[in-house]
Amino acid sequence: MSLLSVRKPNKCIMSTGTEIISVTKRKDGFQFVGNLESDFESDIEMSDSENQNQISGEAQDGSIVTPGELVTDDPVWMRGHGTYFLENKTFASVAGTVSRVNRLLSVIPLKGRYSPETGDHIIGRIAEVGNRRWKVDIGAKQYAVLMLGSVNLPGGVLRRKSESDELQMRNFLKEGDLLNAEVQSLFQDGSASLHTRSLKYGKLRNGVFLQVPSSLVVRSKNHTHNLPGNVTIILGVNGFIWLRQTSEIDLSNHGSTISNVNVPSIGPSTGEYKPGQNSVAITRLEEESSWEIYSDKNDPISNAVKQTITRYANVIRALAHCEVGIAESRVISAYEASMAYDDIGSLIEKETMEAIGRDVINGEKMRGNA
Amino acid sequence: MSRLEVYSPEGLRLDGRRWNELRRFQCSINTHANAADGSSYLEQGNNKIITLISGPQEPKLRSQMNVNRATLAITVNITKFSKMERSKSSHKNERRVLEMQTSLARTFEKNVMLHLYPRTSIDVQVHVLQQDGGLMGSLINGITLALIDAGIAMYDYISGVTVGLYDTTPLLDLNSLEENAMSSVTLGVVGKSEKLSLLLVEDKVPLDRLESVLAIGIAGSHRIRELMDEELRKHGKKRLQNASS
Amino acid sequence: MVLSVTEKAYLYESLSAVPPLRPDGRAAHQFRPVELFTDFLPTSNGSSKIVASDGSECIVSVKAKVVDHTVDNEFLVVDVDIAGHRDDSQFVLSIGSILTKVLTQQLEQRGLQLTRKYSFKLFIDVLVLSSYSHPLSLISFAIYAALNSTYLPKLISSDDDLDVAELPLFHDYDLEKLDVRVPLLFTVALVGNNVLIDPASNESDVANNGLVVTWSNGKIGTPIMTIGLNDDNVKGFGSSHIRTTLEMIEKCAPQVVKALDGI
């Protein structure tokens, strides 16, 4: 038995693409795509000269720090997430980038589960039905809570909640149901409390669900967009995405979003009701808040719309594969780039996904807003 | 057949290393992005280890929930094919493996900031595809990398290595042949400090030799920490470049 | 993951349409892409790792041992370990028994025979790290790749040892490639009147039934059997389903074999 395995540097990678299955084969190697130099070094010598590069100075803004690394010894900073304090010094507790906002010093991890913030527009899936509350899986560390009192019930907003409502909670929302909601507040332990008291929120139907890493979705003013092709997208801040056939309500609520993409948002985006374009008159709300909002039936959807939805789903997966931030404009340009591929099923191939990702980025660079 | 010489008078070991040299060490993180919150793949000598972490997440059982901190569960799966000779029985409920799991959990419970994640569970799954001595140290390194990849807050790196004592000479980072031939000590070192979070002495080691054994062990662990740190930074840089492009 | 009622309705309607509209746009006979790695475990005679695009992953090790086949006539052991499932659970046991049956039936002991007394016994260990849809097909691909990259020591002593008892002797470093024809297993989902190959997890959730088809030696083999892809949507199926399935496998399998062989 040889105790030292020296790996041959000539890795042969071949890809066999057919229309039926594509198998990417790698021989003589695992998933290391490491640089070849390290293949030649065998044993590791104890280095006499330690890496001295991190000893002096403080970690700069945006630079990468790793757990246990000194971020600053200046005690004026308030310690935010991803840091800890020991003997008047602030250290990093996660691997990530340093962020200094006002007096707050934090380390933003490179990766991690979604952590909810008040005002986030998210999508969740009912995990449990409990006593006057639903537990909702939002891809965070803990389930979020949706209180019976935080949803619109059939019969309008002004109606009182009664005991019979408690008994028929499963008729409104049951395990597996998807909904979009806003994070109303956070509990002490960081878990979220949700509400759906607006017509933009509630049970989701007429579409498909997909999930991307939450870090790829940027918080913005609006997370519901009507896309070309009669498709509406809800881009949950938590990385949960819903693609559905555009409904009349979508059209009346957000009809102007496409032309408005570049209008800068005014003020914080956390308010639920803004008099004007996004709000609905109370009387309308009452009409809409019939049982229909908890319906388990889809509207008729044509095959053409379904295919468009599938194409959107695939290009979003392609963007996620390329770790590109996902926003309305990018989804649309990826969709347009994907039109070069007639067969929607070909969009699941790695090379195609990467080509689309490149197209989108290059397109942005050409337009000069990268 | 000539007797195997564990440590030659010229100061060479069975695989040609000197007393203070580590084995080949390669690692990568985020290897199973679709299957876990954090993941790592580690090769230390001929040890090959995959670590997957899911969490912090809602505990599967109510009984696992602690209102003050996260519950850390570590499962070590030593595959039947991990050694040269295939083992007939599964290692899953072996006492040795259960002990390893317990001491790993103890090692990391103090280092991971579990109090930041109340009412959740962090599940660590380690799959040993191949083993060749010094397993415990490699497990520690694999778990450290995967925890960092998962973005779970911890005070510092923990790096582990096994040191043997051959006559009066300490030998760093034992392989299995050496491990069977001498008594050995496994240690888990916290960051760049000289603090130990784990010390396993399974055979007799003379007290007056322990210090030299620990000294080379700590130095070796520091070097491993550096190698892991390099990989993490390299990975981080790549991700940032991706995001900004 | 539990799907909502409307998601299921949407999926079922799309999948049972003619032609079916699959959630990722695949054609009925199209597989998801896979990545395949071989020869990464030097202490095993053969090894492979396969990763599907949804993150499902399976590792296979093949180890060989010389046994006296006049005493032990079992020449193949398949051991399945699926993370998250107990080793004695119905799911793991059934997968293990299907694989053992198919492989024992299709592989020939003759290919493993060394001398008139001794032969190789193969130990195939399967480790499924994660799986989101039924892993059987993926496992069979991995076993295929592992066995086709298995090298065994070369015999240098005489192959007739009944008269003169001697232990088989092997060349110090020369290896011979194991030459076997490995069967493949394909899973299909039946939805409405449609047959869909390589169902993803959401497709499996709304399927009316599932079928496993064996492919060996360039033709459809046995067993062909049903598998449960979900618990609450199960319906019977007719002969037209079976016909479509077999036709589809006959068309796809040679191409899958070609892709796995990497030619």
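Helices and strands here are DSSP runs: H or I of at least four residues for a helix, E of at least two for a strand. The model on screen is predicted.

**Stop 1: chain C, residues 30–153.** Select this range first. The unreviewed UniProt entry annotates it as "domain: Exoribonuclease phosphorolytic". Within residues 30–153 of chain C, 38% of the chain is strand and 23% is helix. The C-alpha atoms at the two ends of the range are 39 Å apart.

**Stop 2: all of chain C.** Widen the selection to the whole chain, coloured by secondary structure. Chain C has 11 strands and five helices. Its C-alpha trace spans about 70 × 35 × 35 Å along the principal axes. The radius of gyration of chain C is 20 Å, which agrees with the value near 18 Å for a compact globule of 263 residues. Of those 263 residues, 49% are buried. Among contacts in chain C with a separation of 6 or more, 67% join residues 24 or more positions apart.

**Stop 3: chain C against chain B.** Show both chains and select the residues in contact. Chain C contributes 17 residues and chain B 16. In chain C, β3 (57–68) and β5 (118–130) each supply at least two residues of the side that touches chain B. β5(C) gives the most, with five residues. By residue class, this side of chain C has six nonpolar, five polar and six charged residues.

**Stop 4: chain A against chain B.** Now hide chain C and select the contact between the other two chains. Here 37 residues come from chain A and 48 residues from chain B. The side of chain A that touches chain B holds 16 nonpolar, 14 polar and seven charged residues.

**Stop 5: the domains of chain A.** Colour chain A by domain: domain 1 is 63–109, domain 2 is 112–204, and domain 3 is 206–251 + 299–369. Taken over C-alpha atoms, the centres of domain 1 and domain 2 of chain A are separated by 34 Å.

**Stop 6: the largest nonpolar core.** Bring chain C back. In soluble globular proteins, nonpolar side chains tend to be buried together. The largest nonpolar core in this model has 201 residues. Those with the most contacts inside this core are Tyr312(A), Val315(A), Ile316(A) and Ala142(C). Helix α3 of chain C, residues 136–147, gives the most to the core, with 10 residues.

**Stop 7: Val315(A).** Centre the view on this residue. Which residues does Val315(A) touch, not counting those up to four places away in sequence? They are Val331(A), Ala334(A), Tyr335(A), Ser338(A), Leu347(A) and Ile356(A).

Note on methods
Residues are numbered from 1 along each chain as its sequence is written. Chains are lettered from A and ligands numbered from 1 in the order in which they are written. This is a predicted model: local features need pLDDT of at least 70, side-chain atom pairs count only at pLDDT 80 or more; totals for chains, interfaces and linings use all residues. UniProt positions are given in the numbering used here, feature names are shortened, and annotations may be inferred rather than shown by experiment. Two residues are in contact if their C-beta atoms, placed from the backbone, lie within 7 Å. Ala, Val, Leu, Ile, Met, Phe, Trp, Tyr, Cys and Pro count as nonpolar, Asp, Glu, Lys and Arg as charged, and the others, Gly among them, as polar. Domain bounds come from an automatic or database domain assignment. A nonpolar core is a set of buried Ala, Val, Leu, Ile, Met, Phe, Trp, Tyr and Cys residues joined through C-beta atoms within 7 Å. A residue is buried if 20 or more other C-beta atoms lie within 10 Å of its own, exposed if 12 or fewer, and partly exposed in between; C-beta atoms are placed from the backbone. The radius of gyration is taken over C-alpha atoms; the globule rule is 2.2 Å times the number of residues to the power 0.38.
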